[in-house]
Amino acid sequence: MSAFRSLEKNLDDWLVKQAPPLPPNAKRTLVEYLPWINLILGVLTLYSVYIIWHWAHLANNFINYANSVGAAYGAPQIAANRLTFGIWLGLVVLAAEALLYLAAFPATRDRKKSGWDLMFYAFLVNVAYGVVILFTAYGGFGSLIWTLIGSAIGLYLLFQIRGNYKATTARSRPAASKPVKNA
């Protein structure tokens with residue numbers, strides 16, 4: 001975890017202290033709507049996982065059908081499987097990103113630092129997804145560049161509002177109430 005804290009400190013120096021600040025009104029608005037943005041991003045990312053998986057299956061089915069028709073006429077078989085290791089790895093990474101977005105919803109709604117941390121991890125996982133997809137037939141160098149640009153913008157916005165999220169400690173948490181016995 002110290003590597004993440006070190007990266008967080010370095011990014012804070014770069015994205016908060018050296019970058020131009022967001023206007024206070026923009027920060028307030030972003031903090032107010034961030035939980036709902038997390039929820040939407042999580043759902044859309046999970047939907048993207050399903051769509052990519054579904055399209056890869058459709059491509060496989062189409063190739064299998066073309067092979068069966070071609071075999072009837074003596075054409076050579078096309079050996080292609082769209083669900084390669086890279087695609088499966090990309091789907092797993094994308095699903096992890098979606099779960100981080102969804103898990104961040106309640107904590108960002110309560111303005112806890114743990115929710116902010118989950119968003120930070122989601123952006124790091126997004127960069128990892130860009131690297132993974134670089135080595136597949138669906139990605140490429142352009143996909144990686146756009147992923148890096150999108151993550152940089154997201155990290156800038158996230159670091160600009162970091163001060164609005166408070167760390168919770170054992171002392172600052174409310175004590176659990178004891179159940180009241182009926183008389």
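This passage describes the largest pocket of a predicted model and then the surroundings of one buried acidic residue, Glu 8.

A good place to start is the empty space. Rolling a probe the size of a water molecule over the atoms shows where such space is left. In this predicted model, the largest pocket has a volume of about 270 Å³. Its lining is made up of 15 residues, and those closest to the pocket centre are Ile 37, Leu 41, Met 119, Phe 123 and Gly 154. Four helices each supply at least two residues of this lining: α2 (24-72), α3 (85-109), α4 (113-134) and α5 (141-160). Of the contributors, α2 gives the most, with five residues. In chemical terms, the lining divides into 11 nonpolar residues, three polar ones and a single charged one.

Attention now turns to Glu 8, which lies in helix α1 (residues 2-17). Glu 8 has a relative accessible area of 5% and therefore counts as buried, a class that requires under 20%. Two polar contacts involve the side chain of this residue. One, of 3.0 Å, joins the side chains of Glu 8 and Lys 113, while the other, of 3.1 Å, links the Glu 8 side chain to that of Arg 162. Leaving aside residues up to four places away in sequence, Glu 8 touches both of these partners, along with Trp 116, Asp 117, Phe 120 and Phe 159.

Technical notes: Residues numbered from 1 in each chain as written. Predicted model: local features only at pLDDT ≥ 70, side-chain atom pairs only at ≥ 80, totals over all residues. Heavy atoms only, no water. 1 Å grid on protein atoms, 1.4 Å probe; cavity = no way out; pocket = protein on both sides within 12 Å on 5 of 7 lines; lining within 4 Å. Points joined across faces, edges and corners; volume = space filled by probe spheres on them. Nonpolar A, V, L, I, M, F, W, Y, C, P; charged D, E, K, R; others polar. Buried < 20%, exposed > 50% of the residue type's maximum accessible area, 1.4 Å probe, protein only. Polar contact = N/O pair within 3.5 Å; in protein donor to acceptor, adjacent residues only side chain to side chain. Contact = heavy atoms within 4.5 Å.
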